[in-house]
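Here is a short tour of the model, to be read with the structure open beside it. We begin with one helix and then widen the view.

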Amino acid sequence: MIFDTHAHYDDEAFDEDRDQLLSSMKDGGVGCIVNVCASAGGFGGTLELMKAYPFVYGAVGVHPDDAGIMTQDTLDEIRRLSHMEKMVAIGEIGLDYYYDFSPRELQQFWFRQQLRLAESVNKPVIIHSRDASQETFDIIKSSPIRRGVIHCYSGAWQMAQDYVNMGFFIGVGGVVTFSNAKKLVEVVDKIPMEKILIETDSPYLAPNPNRGKRNDSRNLQFVVEKIAEIKKLSPEDVAKITFDNAKSLFF
């Protein structure tokens, strides 16, 4: 079975067939999914999915794009929801300097605040970092947090190894199947299999051969096959190891 450690099934892209799709996951070889919150105040969709599907778990946090509208009340709500039985992480949190939808100083402030919250409630973190690799790394390194996953990792293998040395997992998704993904292929090749998690970021980043289409957790078979090719393992071994990795982090 496959463990999708990062998806957004509350996204409007799934409005027309959400239940039909999620009800087919077991037959598609998917055993667990973490549905990850992103927008400030947009936590309700994840809560509904956690209640409706036994195999769907949640992560609660605010994406850096919404840092500009985050308040202390938002942080208090994250803290309250973090204590729910099926809420397994704080995320996704971090920095995004690609779009700069929120001022960078606010992104950094609320990133640090959410890291502190994760430490206080003893939850792992799901980290978003885009065009801010060094700043993200420096903030995490200066924090007490040593449990989490670097979602959709896009940096060099040396920094990935530094994260691994600190106790973090590296999130690998559909990008690893792209023809221009040489950097991520090198990351997968060089870091230990025991520190890799697989993820979709559904509905985004569908792997080849479905690149450009709406993504869902069943497509992780292609990610598993690519990692197996890189690591010279069987797909069955990759699926089992990454499932066990996710259990060790979230459960």
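## Helix α6 and its buried face

In this predicted model, helix α6 covers residues 157-166, and its buried residues are Met-159, Ala-160, Tyr-163, Val-164 and Met-166. Looking down the axis of α6, you will find these buried residues within an arc of 160°, so they line one face of the helix. The general pattern helps here: an α-helix has 3.6 residues a turn, so residues three or four places apart point the same way.

What covers the buried residues of α6? The cover includes two helices, α5 (133-141) and α7 (182-190), together with the strands β6 (148-150) and β7 (168-172). Just after α6 comes Gly-167, whose phi is positive, at about 115°.

## The chain as a whole

Stepping back, the protein chain is built from nine helices and eight strands. Its radius of gyration is 17 Å, close to the 18 Å that the globule rule gives for 251 residues, so the chain is as compact as a globular protein of that length. The C-alpha trace spans about 45 × 40 × 30 Å along its principal axes.

Of the 251 residues, 57% count as buried. Among contacts with a separation of 6 or more, 71% are between residues 24 or more positions apart. The chain exposes about 11000 Å², and carbon and sulfur atoms supply 48% of that area. As for charge, there are 27 positive and 36 negative side chains, with the centres of the two sets lying 5 Å apart.

## Around His-63 and Glu-92

Let us turn to a loop. His-63 sits between β3 (56-60) and α3 (72-82). Is His-63 buried or exposed? With a relative accessible area of 10%, His-63 is buried, since the cut-off for buried is under 20%. Leaving aside neighbours within four places in sequence, His-63 is in contact with Ala-38, Glu-92, Asp-96 and His-128.

One of those partners, Glu-92, deserves its own look. Glu-92 belongs to strand β4 (residues 87-96), and the peptide bond leading to Glu-92 from Gly-91 is cis, with omega near 5°.

## Another cis bond and two positive phi values

A cis peptide bond also joins Ser-202 and Pro-203, where omega is about 10°. Pro-203 is placed in the loop between β8 (196-198) and α8 (220-231).

Which residues other than glycine take a positive phi? Asp-100 is one of them, with phi near 55°, and Cys-152 is another, with phi near 50°. Asp-100 lies in the loop between β4 and α4 (104-121) and is partly exposed, at a relative accessible area of 33%. Cys-152 is found in the loop between β6 and α6, and with a relative accessible area of 27% Cys-152 is partly exposed.

## Ala-239 in helix α9

Our last stop is helix α9 (residues 235-250), which holds Ala-239. The relative accessibility of Ala-239 is 11%, so Ala-239 counts as buried.

Which residues does Ala-239 touch, not counting those up to four places away in sequence? They are Met-1, Ile-2 and Val-224. Ala-239 can also be placed against Ala-228: the two are 11 residues apart in sequence and 9.0 Å apart in space, C-alpha to C-alpha.

Terms used
Residues are numbered from 1 along each chain as its sequence is written. This is a predicted model: local features need pLDDT of at least 70, side-chain atom pairs count only at pLDDT 80 or more; totals for chains, interfaces and linings use all residues. Side-chain values use heavy atoms; hydrogens and water are left out. Helices (H or I, at least four residues) and strands (E, at least two) are DSSP runs, numbered from the N terminus. The radius of gyration is taken over C-alpha atoms; the globule rule is 2.2 Å times the number of residues to the power 0.38. Buried means under 20% relative accessible area, exposed over 50%, partly exposed in between (1.4 Å probe, protein chains only). Contact means heavy atoms within 4.5 Å. Accessible areas come from the Shrake-Rupley method with a 1.4 Å probe; for residues, only the protein chains shown count as cover. Lys and Arg count as positive and Asp and Glu as negative; His and the chain ends are not counted. The place of a charge is taken as NZ of Lys, CZ of Arg, CG of Asp or CD of Glu. The arc is that of the directions from the helix axis to the C-beta atoms.
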